[in-house]
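Trainee: I would like to work through this model with you, element by element, and reason each answer out before settling on a name or a value.

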Amino acid sequence: MSGSDRLLFSKNHEWVTGTSGEVLVGVSAHAVEQLGDVIYIELPEKGDEFSAGDTFGTIESTKTVSDLYTPISGQVIAVNEDIQSDPSGLQEDPYLDGWLIKLHCSEDDSEPLMTAQEYDDYIKGH
């Protein structure tokens, strides 16, 4: 999982770059692979607030439409408009340029999140 060793992952296949301060949130390469060609992404507005596990948007592919869930609580301070206007970038790089939202997180609620190795083991088991 190139580029993912410093990330934390949720069981819903989202990743986060940290647990407090300003963090990026995206969707895992495994999820992108399972979805196939992503054709549309609906993301929240700046200023929206979410608790860990809340739905923050949807991702649509040629196969299905799936909800996106926030792995940690926070307020949206930026949205990746490049990915929103051209979601094909997720197939190229879901971990760097493929981030979806930037959150400001005031507290660490990362207890249920997994390291890259733990996430890899999790998806192999499902």
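**Strands, charges and exposure**

Mentor: In this predicted model, Glu 49 has its bridge partner in β8, and that partner is Gln 75.

Trainee: How many bridges join β5 to strand β8, and in which sense do the two run?

Mentor: The pair formed by Glu 49 and Gln 75 belongs to this contact between β5 and β8. Strand β8 covers residues 74-79, and the two strands run antiparallel. The number of bridges that join β5 to β8 is two.

Trainee: Which residue in β9 stands opposite Gln 75?

Mentor: Strand β8 also pairs with strand β9, residues 101-105, in the antiparallel sense and over four bridges. Within β9, the residue that stands opposite Gln 75 is His 104.

Trainee: Is His 104 buried, partly exposed or exposed?

Mentor: The place of His 104 is in strand β9, and its relative accessible area is 38%. Buried would require under 20% and exposed over 50%, with partly exposed in between. His 104 is therefore partly exposed.

Trainee: What distance separates the C-alpha atoms of His 104 and Ile 72?

Mentor: Along the chain, His 104 and Ile 72 are 32 residues apart. In space, the separation of their C-alpha atoms is 10.0 Å.

Trainee: In what order do the six strands of the open sheet come, and which are the edge strands?

Mentor: The six strands form an open sheet with antiparallel pairing, in the order β1-β2-β3-β9-β8-β5. An edge strand pairs on one side only, and this holds for the strands at residues 8-9 and 49-50, namely β1 and β5.

Trainee: Which residue of β3 stands opposite Trp 15?

Mentor: Strand β2, residues 14-16, runs antiparallel to strand β3, residues 21-27, and three bridges join them. In β3, the residue opposite Trp 15 is Gly 26.

Trainee: What is the phi value of His 13, and where does this residue lie?

Mentor: His 13 lies in the loop between β1 and β2, and at 22% relative accessibility it counts as partly exposed. Its phi is positive, in a residue other than glycine, and the value is near 80°.

Trainee: Why is strand β6 described as largely enclosed by the rest of the structure?

Mentor: Strand β6 spans residues 55-61, and a residue is counted as buried when its relative accessible area is under 20%. The strand is largely enclosed because the buried residues among its seven number five.

Trainee: Which strands are joined to β6 by bridges?

Mentor: On the one hand, strand β4, residues 38-42, runs antiparallel to β6 and is joined to it by four bridges, with Val 38 standing opposite Ser 61. On the other hand, five bridges join β6 to a strand at residues 65-69, again antiparallel, and there Ile 59 has Ser 66 as its bridge partner, while Thr 58 has Asp 67. A hairpin of three residues makes the connection from β6 to that second strand. The strands joined to β6 are thus β4 and β7.

Trainee: How far apart are the closest N and O atoms in the salt bridge of Lys 124?

Mentor: The count comes to one salt bridge, and Lys 124 forms it with Asp 120. The two residues are four apart in helix α4, residues 116-124, and so are separated by about one helical turn. Lys 124 is itself exposed, at 62% relative accessibility. The closest N and O atoms of the pair are apart by 3.3 Å.

Trainee: Which residues form the negative surface patch?

Mentor: One of its members, Glu 92, is found in helix α3, residues 89-92, and is exposed with a relative accessible area of 69%. The patch as a whole is formed by Glu 81, Asp 82, Asp 86, Glu 92 and Asp 97.

Trainee: What is the C-alpha to C-alpha distance between Glu 33 and Val 76?

Mentor: Glu 33 has its place in helix α1, residues 29-35, and counts as exposed at 59% relative accessibility. In sequence, Glu 33 and Val 76 are 43 residues apart, and in space their C-alpha to C-alpha distance is 26 Å.

Note on methods: Residues numbered from 1 in each chain as written. Predicted model: local features only at pLDDT ≥ 70, side-chain atom pairs only at ≥ 80, totals over all residues. Heavy atoms only, no water. Patch = residues over 30% accessible without salt bridge, like charges linked within 9 Å, V, L, I, M, F, W, Y side chains within 5 Å. Areas by Shrake-Rupley, 256 points an atom, 1.4 Å probe, with all protein chains shown as cover. Salt bridge = Lys/Arg side-chain N within 4 Å of Asp/Glu carboxyl O. Lys, Arg positive; Asp, Glu negative; His and termini not counted. Charge placed at Lys NZ, Arg CZ, Asp CG, Glu CD. Buried < 20%, exposed > 50% of the residue type's maximum accessible area, 1.4 Å probe, protein only. Pairing = 2+ DSSP bridges.
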